[in-house]
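User: I'm new to this one and would like a close look at a single part of it. Could you walk me through one strand and what sits around it?

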Amino acid sequence: MSIADQIVALGDSFFSRSLTFGRTGNLSAVDDDGTILMTPTGISLGQLDAEALSRVSIDGQHLHGPQPTKEAFLHLAMYRARPETRAVVHTHSTHSVAVSCLRDVDHDNAIPALTAYYAMRVGALPVLPYHAPGDDRLGPVAEKMATDHHALLLANHGPIVAGTDLASAADALEELEETAKLHLLLHGHRTAPVADAEVTRLKEKYR
Ligand code: ZN
């Protein structure tokens, strides 16, 4: 399947499962020629067209197709910070956004490792300070944090996740959203997250 077709299929999958809604969320992936295919601005992820994606260069130049998402600068920050990145996914998935709005959230790691899969696919989840939508001052902040983390949570906004392909980025984002749901379900309960030593072992093994 071409990279463009993979983006369309993933957008449809996210939209149909309510991981994204309205015209929110955006996806990007490195195409075979090294340029980046990105979802356009102002479009629902449930209505993407493989022939009408935006093509940009790694330095942010718009090369072809419709205008890219206004959050393109966040995707580019992830590619620049993590050279192995081949895909970036960003959504406003409800439970992840809910965690990003908690007053006493741990800004170094918003969600504890409640399950082994979360430790393997997400690891630590730092929270980036609130910026208005499209405020590109968030770009350098994200780029700095992404050198050590492939998953970031934007305060009062949502998660952005980098991967070595679209499937692995999507897996991590879905694991994050489901663990955010668990985290909220467990509010007020005493929990026993996976032990730190086991989290470290899992991260090493599945890096
Ligand atoms: Zn957003």
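Analyst: Serine 28 stands opposite valine 88 in β5, and on the β2 side its bridge partner is methionine 38. Keep in mind that this is a predicted model: local features need pLDDT of at least 70, side-chain atom pairs count only at pLDDT 80 or more, and totals for chains, interfaces and linings use all residues. Residues are numbered from 1 along each chain as its sequence is written, and side-chain values use heavy atoms, with hydrogens and water left out.

So let's stay with β1. Four bridges join β1 to β5, and the two run antiparallel. On the β2 side (residues 36-38), β1 pairs over three bridges, again in the antiparallel sense. Strands here are DSSP E runs of at least two residues, helices are H or I runs of at least four, and both are numbered from the N terminus; two strands pair if DSSP finds at least two bridges between them. β1 and β2 make a hairpin with five residues between them, and glycine 34 in that turn has a positive phi of about 90°.

How enclosed is β1? Five of its five residues are buried, so β1 is largely enclosed by the rest of the structure. Buried means under 20% relative accessible area, exposed means over 50%, and partly exposed is in between (1.4 Å probe, protein chains only). Both faces are covered: Asn26, Ser28 and Val30 are buried on one side, Leu27 and Ala29 on the other.

Now step back to the sheet. Eight strands form an open sheet in the order β4-β3-β2-β1-β5-β8-β7-β6, with mixed pairing. β4 and β6 (127-128) stand at the edges with a single partner strand each, so one side of each has no neighbour in the sheet. Going outward from β2, the strand β3 (residues 54-56) pairs with β2 in the antiparallel sense over three bridges, and arginine 55 in β3 is the bridge partner of leucine 37.

Helices cover this sheet too. α1 packs on it, touching β1, β2 and β5, and its direction makes about 155° with that of β1. α2 also packs on the sheet, with β1, β2, β3, β5, β7 and β8 (158-163) among what it touches, at about 40° to the direction of β1. Those angles run from 0 to 180 degrees between N-to-C directions, with axes fitted as lines to C-alpha atoms, for helices over the stretch in contact. Touching, or contact, means heavy atoms within 4.5 Å.

What does β1 feed into? The largest nonpolar core has 37 residues, and Ile7, Phe14, Val89, Ala110, Ile111 and Leu125 have the most contacts inside it. Such a core is a set of buried Ala, Val, Leu, Ile, Met, Phe, Trp, Tyr and Cys residues joined through side-chain atoms within 4.5 Å. Elements supplying at least two residues each include β1 (26-30), β5 (87-90) and α1 (3-16), while the largest share, seven residues, comes from α6. Phenylalanine 14 ties several of these pieces together: leaving out residues up to four places away in sequence, its contacts include Leu27, Val89 and Leu173.

One last stop is next door, in β5. Histidine 90 is one of the protein donors of the zinc ion, along with Glu71, His92 and His157, lying 2.0 to 2.7 Å from the ion. Donors are N, O and S atoms within 2.8 Å of the metal (3.2 Å for Na, K and Ca); water is not among the atoms, so sites may look incomplete. At 0% relative accessibility, histidine 90 counts as buried, and glutamate 71, at 10%, does too.
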